[in-house]
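Grab a coffee and open the model beside this page. The exercises below can be worked through with a viewer and a little patience.

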Amino acid sequence: MEGFIIFVFWKLGLLIRLHFIDRKKNSKFPRFESGTTLVLLIFLGMAAGAVFLFILDRFLRFCQSRTSVDIISAVCRPCGTVELILSKPANLRYNALSFIFVQVRELSWLQWHPFSVSSSPLDGRYHLSILIKVLGTWTEKLRDIITNAPDQPQNDSQSQPSSITASVEGPYGHESPYHLMYENLILVAGGIGISPFLAILSDILHRTRDGKPCLPKNVLVIWAVKRSKELSLLSAVDAQHIYSSFPDKLHLDIQAYVTQESEPSLEDGKVDESMMSPSLSTTNGSMMSSLVGTGNNIWSGIYVVASTLGFILLFGIVEVYYIKPFGISAWWYRGLLFTLCMVAGVIFIGGIVVYFWNQWEKRSSCNEKWTVDAEKSKLVHCGEPILHNEMSMTSLSSLQTTRYGCRPDFQDIFSSFSERVGRVDVGVIVCGPPGLQSSVAKAIRSQNIRGSWNQAVFHFNSHSFDL
């Protein structure tokens, strides 16, 4: 939004400058008419193009976010984290570092909240999951809806007093999965910041099993939490289902730090199924809209071309039948008409393309409806929480080392890792509060500066969606 405001003011400033240049008789800058006018016209075209692209993008995302999404499962974990598994079309493209915006209409029609995707695209063609930590009023109300939902069969959803009507915008994020660019990878998470790394671990396990391109062979996970009960989030990765035995091609080490407990609790991060809230499911026959995340170049191209031609046609009509006959010469009014033609071209002409695009998407979804139902029956069984496997938790626990009452010493961790791997490139991805990111960045800078020729070179990457 800030970029849009800057471009608007930039455009107004350029129009004012052109206004003085075009007034040849009373111009105060007659010498600037030749070269400067051309330069200003170029910048004006760039600004107008940026505004037009912004309008194209926002209208498309607005159309996408109007769809109510099927919620395959909504469950509250013992650690207080809410897990939502949403239905999506098979052609929706995203990667393990993507995030989405979620709106729940029972809570607010205006609030959209960003959440990292916690599932890999290879986990399933027709579902996508997110983890939501309860921190504020919005998340508290969402948890209350889920925990207060009556425990009844899923096909009796019409009589449920508690329900969730969710809309999704996205996915956003990096086009390329840069977690696959490093053979040696360190993932540093703070609290719920483990969510995108669960997707990364699942993605790496799937790729290793299927023989798909996957560079990471040596992965270290550093996870700092306040309470040991948060460690149960590791059960979101069903490693036992992905791989019956842990692959020899991958060396995975998980180091957990519990900062506010001096000794392990009795549960010690284990998942107690009896403490899980009943799974809430909402079905309205709709999946996430793929208008944004498909990468469908044909429909996208038609949308852009149609909107551009519609804008040019509308502005031409306004110029011929309104501006010239009535002698409109005020620069600000012409600029306003120019911008209104942009918006009208996208909404009316581009909107026709979006309508047929959406109809084509719905028809494709109907052809795959039986597959979606099969996906739901595979994930949900008699209303029990999904994707929770005691064996998967045990499998990951065997790779986990937990320390209590302390924080990770990143300088020591990076030094030890560097001595073990030698002179290689190491990717470090951090997801957590600003203090954690700053500490990791300082440790990496110090390690790279004082490291010798045979030491590893660390590359810092911050995973954040602060807009």
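Here are some exercises, each with a worked solution.

Before you start, note that this is a predicted model, in which local features need pLDDT of at least 70 and side-chain atom pairs count only at pLDDT 80 or more, while totals for chains, interfaces and linings use all residues. Residues are numbered from 1 along each chain as its sequence is written, and side-chain values use heavy atoms, with hydrogens and water left out.

**Exercise 1. Get an overview of the fold.**

Step 1: Count the secondary structure. The protein has eleven helices and 14 strands. Helices (H or I, at least four residues) and strands (E, at least two) are DSSP runs, numbered from the N terminus.

Step 2: Look at burial. Of the 467 residues in the protein, 49% are buried. Buried means under 20% relative accessible area, exposed over 50%, and partly exposed in between, with a 1.4 Å probe and protein chains only.

Step 3: Check how far apart in sequence the contacts reach. Among contacts with a separation of 6 or more, 82% are between residues 24 or more positions apart. A contact here means heavy atoms within 4.5 Å.

**Exercise 2. Describe three of the salt bridges and their surroundings.**

Step 1: Start from the total. The structure holds seven salt bridges, each defined as a side-chain nitrogen of Lys or Arg within 4 Å of a carboxyl oxygen of Asp or Glu.

Step 2: Take Asp144 and Arg143, whose side chains meet at 3.8 Å, N to O. Asp144 counts as partly exposed because its relative accessibility is 35%, and Arg143 is partly exposed too, at 28%.

Step 3: Move to Arg207 and Asp203, which form a salt bridge at 3.2 Å, N to O. They sit four residues apart in helix α4 (residues 195–210), so about one helical turn separates them. Both Arg207 and Asp203 are buried.

Step 4: Finish with Glu319 and Arg334, where the closest N and O atoms are 4.0 Å apart. This pair links distant parts of the chain, with Glu319 in helix α6 (residues 297–323) and Arg334 in helix α7 (residues 331–367), 15 residues apart. Glu319 is buried, with a relative accessible area of 16%, whereas Arg334 is partly exposed at 33%.

Step 5: Add the other partners of Glu319. Leaving aside neighbours within four places in sequence, Glu319 is in contact with Lys324, Pro325 and Arg334.

**Exercise 3. Find the largest nonpolar core and say which elements build it.**

Step 1: Recall the background. In soluble globular proteins, nonpolar side chains tend to be buried together. A nonpolar core is a set of buried Ala, Val, Leu, Ile, Met, Phe, Trp, Tyr and Cys residues joined through side-chain atoms within 4.5 Å.

Step 2: Identify the core. The largest one has 37 residues, and those with the most contacts inside it are Leu187, Ile200 and Val219.

Step 3: Assign the elements. At least two residues of this core come from each of β8 (184–190), α4, β9 (218–225), β10 (251–258) and β13 (425–431). Helix α4 supplies the largest share, seven residues.

Step 4: Zoom in on Val219. Apart from neighbours within four places in sequence, its contacts include Leu185, Leu187, Leu201 and Ile204.

**Exercise 4. Work out how helices α10 and α11 pack.**

Step 1: Choose what to report. Two packed helices are described by the angle between their axes and the distance between the axes.

Step 2: Read both values. The axes of α10 (residues 410–421) and α11 (residues 434–450) come within 9 Å and cross at roughly 45°. Axes are lines fitted to C-alpha atoms, for helices over the stretch in contact, and angles run from 0 to 180 degrees between N-to-C directions.

Step 3: Classify the angle. Angles under 35 degrees count as roughly parallel, over 145 as roughly antiparallel, 65 to 115 as roughly perpendicular and the rest as oblique. Helices α10 and α11 are therefore oblique to each other.

Step 4: List the residues that meet. Among them are Phe410 and Phe414 in α10, and Leu436 and Val440 in α11.

**Exercise 5. Locate a cis peptide bond.**

Step 1: Most peptide bonds are trans.

Step 2: A cis peptide bond joins Gly170 and Pro171, with omega about 10°. Pro171 is found in strand β7 (residues 166–172).
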